[in-house]
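Student: I have a model open on my screen and would like to work through it with you. Could we take it one question at a time?

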Amino acid sequence: MTIRWQSAVALGTAVAAAIALPQATNGAPPRTDVQVSVQPTQLSVVGLPCFPGNLTLTMTNTGAEDRYADLTLDPRGPLQLSRELFSSWLPAVDPDQPVSAPVEVRVPRDTQPGNYSIELEVDRSKVTVPVTVNPLPAKGPGSNVALGEQATASSTHGNFAVCGGVDGDHDSAHWDTLTGWNDGTRAVFPDNYAVTLAAPTTINRVELYTLDTAQWPAATNGLRDWDVQVRSGTGDWQTVAQVRGNTLGHVVSTFDPVQTDAVRILCLAGNGNTYSRIVELEVYGS
Amino acid sequence: MSVRVGSTRRGFLTVTGAAAALALAGDLPGVGQALAGATGRGDRRDPFTLGVASGDPLPDAVVIWTRLAPDPLTPFGGMNRRPVEVGWQVAEDPRFRRIVRQGTTQARPEASHTVHIDVRGLRPWREYWYRFRVNGKLSPVGRTRTAPAPNAVVDEMSLAFASCQAWWEGWYTAYADMAKREHDVVFFLGDYIYEFGIDRGIRPHSNEPWMTQQTVTLDEYRVRYASYKMDPDLQAAHASAPWVVTLDDHEVVDNWADEAHPSAPPAQFLVRRANAFRAYWEHMPLRLAQLPKGPDMQLYRRIKYGRLAEFSVLDTRQYRSDQAYGDGSKAPGPETKDPARSITGAAQEKWLLDGWAASPARWNVLAQQNALARLDVKEGPEVLVPMDTWDGYEASRNRILGAAYERKLRNLVSIGGDLHRSVASDLKLDFTNPDSPTVGTEFVGTSISSAMDGMDLDPGGVTLMKENPHIKFGNFQRGYVSCSITPQRWISDYRVVDKVSIPNGTVSTRAKLLVEDNRPGIQIL
């Protein structure tokens, strides 16, 4: 990379040194020493608010000089990206050192299924990531109507994601990969975790998975006491089931069928009195 | 305060010329739209959303700073990626009737359209006002002040120091108070931003994505700086005086040490450190000498105020040994006393001691990140001290305090932060022996907002006062320290805010502490 130091225009008798940065010579050809890769190379997403597609962007400096680079992401069509820019310092080292960053891809629920794309660009060289929007999964009798729907919480610990409790993964072994929800206020209760359904639905069963592994058993780390609540037409929360003194990793609560557009777990106490931890919240109709 | 260009006699003649050239280019096909996104003509957005700043005063120079960011939280701050001409002026009066220096420069996209002008040829120890202009839009006006001439006898100077400004944990009422006092210089001692994602905060918008996600990449650090710098009280404090800044851990990541952090192996961590440093330099009023080269930044430096005071601004993060005993609060032991471990690194330590040997100053000040004084945090005979402060690097501390004692360094004063509490101490040659000589004096300032409202003295503060006889004052509210220094004495006003959880808290002086010339140690007034 050729660099030069450009000094500012100093006027009259002014003795002023502008602080100018090393910069590329004007008119130089676009640098192409940054290799861009993306994993996966193509993506499938559905229009569920808590079910983003995940890409990992990687830039690798293959040139001889350390440098900074900007990777821009241009979503085509209705795609919504968690970032439209990834900038980083890229060391020139041997062997090459890849530098990565994540991006989440979402689409609105009413998106027309079909093929879209994201254009990635560094130094005017481009990479296209095909994105297929699939039809929404049918949510009939017997399917989990909370899957991928919008989750909200009283608080969420910085190491966790609020969508983790409705991501379809109820395996506690994956706890440290953001597959669950952990509240953000240690030893302070109550907490709550709610999911808004796509439409008013008649439900009669909630299955809750709390943290339960050999290392972190539910009896000492899982949720102990909670109320299962549904949102009524007036917006109030109505308790339909109660769980007290739980020590298990998986608890099924059944209740009389009720039509609602949202379900909430009111977390009253955790074993160990630290956090509320929900690996997965599943909601079923009759 | 905004001053219309028509109110000045000389105006921005040359800048107007540059703007005209850009306007002509705007008539070219395909260029107009780009210019509209770069605060060109037709772009009505305010480019000066992050205010102005000045810093690192010398007897004849000061750095003036701004950033063009019409949409500061969006990619590239809402600018497109081409350079923009920026005019600047420095005047002897706030209405710019006596302009002494002016010029144009380019705000460049690779530096986030920040502008760092090292204005030279100024007169020592006097006030100046500065402003910027881009395409007819004027920035707010900043006040600054140069340092006294070398070896000048200075009757009195004022300074403020602050640290730890967790945006979501409180309003910057302390900065509004600091701005009103128009100090000669302000020291910022670390934790300007916090890198981690937060869950909830007391301010509106605390749970927006730009606050709830941690910063790792350069674009993320840039947005974090922008989100903090949008605060009007912080902008007012920057515009009120030149700042001399150093960083602590959260400008990068919690408790990093040199190349070490548990979040990533060193090679990967150094990329994050490089990104953090770049965004830091871009958003601070620093000279080119401080421009990072990748993960390396020359931040320790000396700022002199004639024969009155010399400030050694330290960097206790970039060269330190990894924290002893796995960090946290631990009993002192062979690791903390290991002479091979250092909080400054050997080169910085040598630079510090060499500087002291040559110093003619009445007050020799260490502007550093945390507490030099020992902090036994455990009630009772057991001793537990923080591994992240100088307590974790006892040999390092002993070498520096020992050198000051042996060389009879005149009036050693340490100013620090990091603790989120006010702590004023006598600096002892041996902290385990209350009868050992007092070598100097330390003022640790509390946080601007980190840790929320607090209280006068919390249980932790009670323990500190009880276990550490060298601590003469403690307080657990938010605020900053405002100091007046003469050849005869140093007075620190601990300014505290009753509540930072509301926008309009009340600021008052909680304590007035005195140090007399040639008499190290705290006296309470």
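Student: Which elements cover the buried residues of α5(B), including those from chain A?
Tutor: Happy to start there, keeping in mind that this is a predicted model. From chain B, the cover includes α4 (209–212), α6 (232–240) and α7 (266–283). Chain A takes part too, and its elements in that cover are β8 (67–76) and β10 (85–90).

Student: How many of the twelve residues of α5(B) are buried?
Tutor: The helix runs over residues 218–229 of chain B and reaches 17 Å from its first C-alpha to its last, close to the expected 16 Å. Among its buried residues are B:Leu218, B:Tyr221, B:Val223 and B:Lys229. The helix is mostly covered, and the number buried is ten.

Student: Where in chain A is confidence highest?
Tutor: Chain A has a mean pLDDT of 89, with 89% of its residues at 70 or more. Residues 1–15 of chain A stay under 50, and strand β1 (residues 3–4) of chain A has the lowest mean, 28. At the other end of the scale, a value of 98 belongs to β10(A).

Student: Is B:Tyr172 buried or exposed?
Tutor: This residue sits in the loop between β9 (157–162) and α3 (173–181) of chain B. Beyond four places in sequence, B:Tyr172 touches B:Gln165, B:Asp231, B:Asp233, B:Leu234, B:Ile448 and B:Ser449. Because B:Tyr172 has 27 C-beta neighbours inside 10 Å, it counts as buried.

Student: Which element gives the most residues to the largest nonpolar core?
Tutor: That core holds 201 residues, and B:Phe161, B:Val186 and B:Phe187 touch the most other members. The contacts of B:Val186 beyond four places in sequence include B:Leu159, B:Met178 and B:Trp243. As background, nonpolar side chains in soluble globular proteins tend to be buried together. With nine residues, the element that gives the most to this core is α7(B).

Student: What is the strand content of the span that UniProt lists as "Phospholipase D N-terminal"?
Tutor: The unreviewed UniProt entry places that domain at residues 50–146 of chain B. Its end C-alpha atoms are 23 Å apart, and the helix content is 0%. The strand content over these residues is 53%.

Student: And how far apart are the end C-alpha atoms of the "PhoD-like phosphatase metallophosphatase" span?
Tutor: UniProt, again in an unreviewed entry, lists that domain at residues 159–493 of chain B. The span is 27% helix and 21% strand. Its end C-alpha atoms lie apart by 10 Å.

Student: What separates the centres of the two domains of chain A?
Tutor: Chain A is divided into domain 1, residues 34–134, and domain 2, residues 150–284. Taken over C-alpha atoms, the distance between their centres is 32 Å.

Student: In which loop is A:Pro190 found?
Tutor: The peptide bond leading to A:Pro190 from A:Phe189 is cis, with omega near 0 degrees. The bond from A:Asp94 to A:Pro95 is also cis, and A:Pro95 is in the loop between β10 and β11 (98–106) of chain A. For A:Pro190, the loop is the one between β15 (181–182) and β16 (191–210) of chain A.

Student: How does B:Met452 count: buried, partly exposed or exposed?
Tutor: B:Met452 is not a glycine, although its phi is positive at about 60 degrees. It lies in the loop between β19 (438–444) and β20 (454–455) of chain B. A residue needs 20 or more C-beta neighbours to be buried and 12 or fewer to be exposed. B:Met452 has 17 of them inside 10 Å, so it counts as partly exposed.

Key
Residues numbered from 1 in each chain as written. Chains lettered and ligands numbered in written order. Predicted model: local features only at pLDDT ≥ 70, side-chain atom pairs only at ≥ 80, totals over all residues. UniProt positions renumbered as here; feature names shortened; annotations may be inferred. Helix = DSSP H or I, 4+ residues; strand = E, 2+ residues; numbered from the N terminus. Domains from an automatic or database assignment. Expected span 1.5 Å × (residues − 1). Contact = placed C-beta atoms within 7 Å. pLDDT = per-residue confidence, 0-100. Core = buried A, V, L, I, M, F, W, Y, C linked by C-beta atoms within 7 Å.
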